[in-house]
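Colleague: Could you take a close look at one part of this model for me, the place where two helices pack against each other, and then walk me outward from there? I'd enjoy a connected tour rather than a list.

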Amino acid sequence: LSGFKYIVVGAGLFGTTVAERIASDMGLPVAIVDRRDHIGGNCHSVTDADTGIECHVYGTHIFHTKRRRVWDWITQFTQFNSYRHKVLTRYDGRVFPMPINLTTINSFYGIDLAPSEVEAFVLAEAARDRVEEPANLEEKAISLVGRPLYEAFIRGYTLKQWETDPKNLPAEVITRLPFRHSREVDYFTDPWQGIPLGGYAEMFKAIHAHENIHVFLNTDYFAVRDMIPADATVIYTGPVDRYFENRFGELAWRTIDFEREVHPVSDYQGTSVMNYADPDTPWTRIHEYRHLHPERDYKAGGTVTFKEFSRHAAGQDDPYYPVNTPADIERLEQYRQLSETETNVLFGGRLGGYKYLDMDTTILAALEMFDEKIKR
Ligand code: FDA
């Protein structure tokens, strides 16, 4: 690393975007170190050995954006397929569209409302419980959609996702529960959406192919930090608390465990992601990756699924979703202030900022960091 003036920690989307800009816009060499044995961070994909189906190792990733700058940047390296994401949820032995829409409501209640009738119906349902000043997430949700829809679609899923009864979560977590008056089932409304045609692994390979980009895998920043020249600029996309040796305490994360299963059928659940809303089903979702590539001619007679289980992250667990308790928010502010005093180190990405970021937001933040703080 001794010859590099720019060193990026983390080969995920944030680090990759910054490195690509340094390599092509500034025309300078840049090193990327990542502790994992692959590039792409949490967007990484692999071809399943048994079925030949491309799997997203860290959970389903659908690219979607309304930002032209992001779209123009990413499409230099990949084309996207025509996949449009739809989420279904299984509750009490039946399947419903999510987010809650006209079809969900009609089929849940066994009625036949028109779009113009749904608002008044939901308001009347909500009014039955007469929650005036919601004191917690449960009361807030009931005040917005009524108890039956809350108990079916929100209570169990929230309990599993956060291991906390919604009664013990703050009301402010939701300001408005989106339910659709139409039968629209597309999960995202962005003009540009899809899955990279060749998959995420190939997309990252194409970006990293630039001759100025030098990748060092299986390399933990903290093991090599002493080799970094004092005048080099470091772009750090690892966990911010770890950078400062957890001086103000650890920031809390949720992690995910996946259970891979191969089934001897061509289609296991008829969709890419099925949520499980019943509290007594231990998993939160099942991902079936073959559906993400309708354009591919995958072999019939075999499909692979990943069952997703959510729990509190501890020790070496991969961080997935920031918990954001009031104590976390306070700690984060302390880390943020400290990181501003660090010379020659820029912090970014979902781990460096302790923030859930969609892929397009990640790219935009990285492009802006490059423009404002790196480009000379
Ligand atoms: P990312 O975590 O990808 O990369 C950070 C890298 O830093 C990692 O590779 C890590 O190994 C490395 N690192 C950390 N510490 C290090 C150290 N000490 N030394 C060396 N390397 C170190 N977004 C979207 O738009 N559509 C979607 O459908 C989804 N789906 C989705 C599902 C799930 C379950 C999650 C949790 C997230 C999503 N996302 C998403 C969000 C998406 O994953 C996110 O935008 C990107 O991964 C962010 O990229 P980063 O580079 O910030 O982090």
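Modeller: Happy to! On the helix 5 side, the contact is made by L137, E138, A141, I142 and V145. Facing them from helix 6 are R147, L149, Y150, I154, R155 and T158. Sorted by class, the residues of this contact are 7 nonpolar, 1 polar and 3 charged. Please keep in mind that this is a predicted model.

Now for the geometry. Two packed helices are described by the angle between their axes and by the distance between those axes. Helix 5 covers residues 137-145 and helix 6 covers residues 147-162. Their axes come within 9 Å and cross at roughly 140°. The crossing of helix 5 with helix 6 is right-handed.

From the helices, let's move to the strands. There is an open sheet of 5 strands with parallel pairing, and its order is 9-2-1-10-16. Strand 9 (213-216) and strand 16 form the edges, each pairing on one side only. Ignoring direction, neighbouring strands in this sheet are turned by 20° against each other on average. Within the sheet, strand 1 (residues 6-9) runs parallel to strand 2 (residues 30-33), and 3 bridges join them. One place to find this pair on your screen is V8, which stands opposite I32 in strand 2.

Antiparallel pairing turns up around strand 11 (residues 253-263). Strand 11 pairs with strand 14 (residues 303-312) over 10 bridges, and H263 has T303 of strand 14 as its bridge partner. Strand 11 is also joined to strand 15 (residues 321-322), by 2 bridges. There, R254 has Y321 as its bridge partner.

Strand 16 leads us to the last stop, since you may care about open space: the second largest pocket, to whose lining strand 16 (345-347) gives two or more residues. This pocket holds about 580 Å³ of space. It is lined by 20 residues, and those closest to its centre are F347, G348, G353, M369 and K373. Besides strand 16, the elements giving two or more residues to the lining are helix 10 (326-340), helix 11 (349-352) and helix 12 (359-374). Helix 12 gives the most, with 5 residues. By class, the lining has 9 nonpolar, 5 polar and 6 charged residues.

Note on methods: Residues numbered from 1 in each chain as written. Predicted model: local features only at pLDDT ≥ 70, side-chain atom pairs only at ≥ 80, totals over all residues. Heavy atoms only, no water. Axes fitted to C-alpha atoms, helices over the stretch in contact; angles between N-to-C directions. Helix = DSSP H or I, 4+ residues; strand = E, 2+ residues; numbered from the N terminus. Left-handed = near helix turned anticlockwise from the far one by under 90°. Contact = heavy atoms within 4.5 Å. Nonpolar A, V, L, I, M, F, W, Y, C, P; charged D, E, K, R; others polar. 1 Å grid on protein atoms, 1.4 Å probe; cavity = no way out; pocket = protein on both sides within 12 Å on 5 of 7 lines; lining within 4 Å. Points joined across faces, edges and corners; volume = space filled by probe spheres on them. Pairing = 2+ DSSP bridges.
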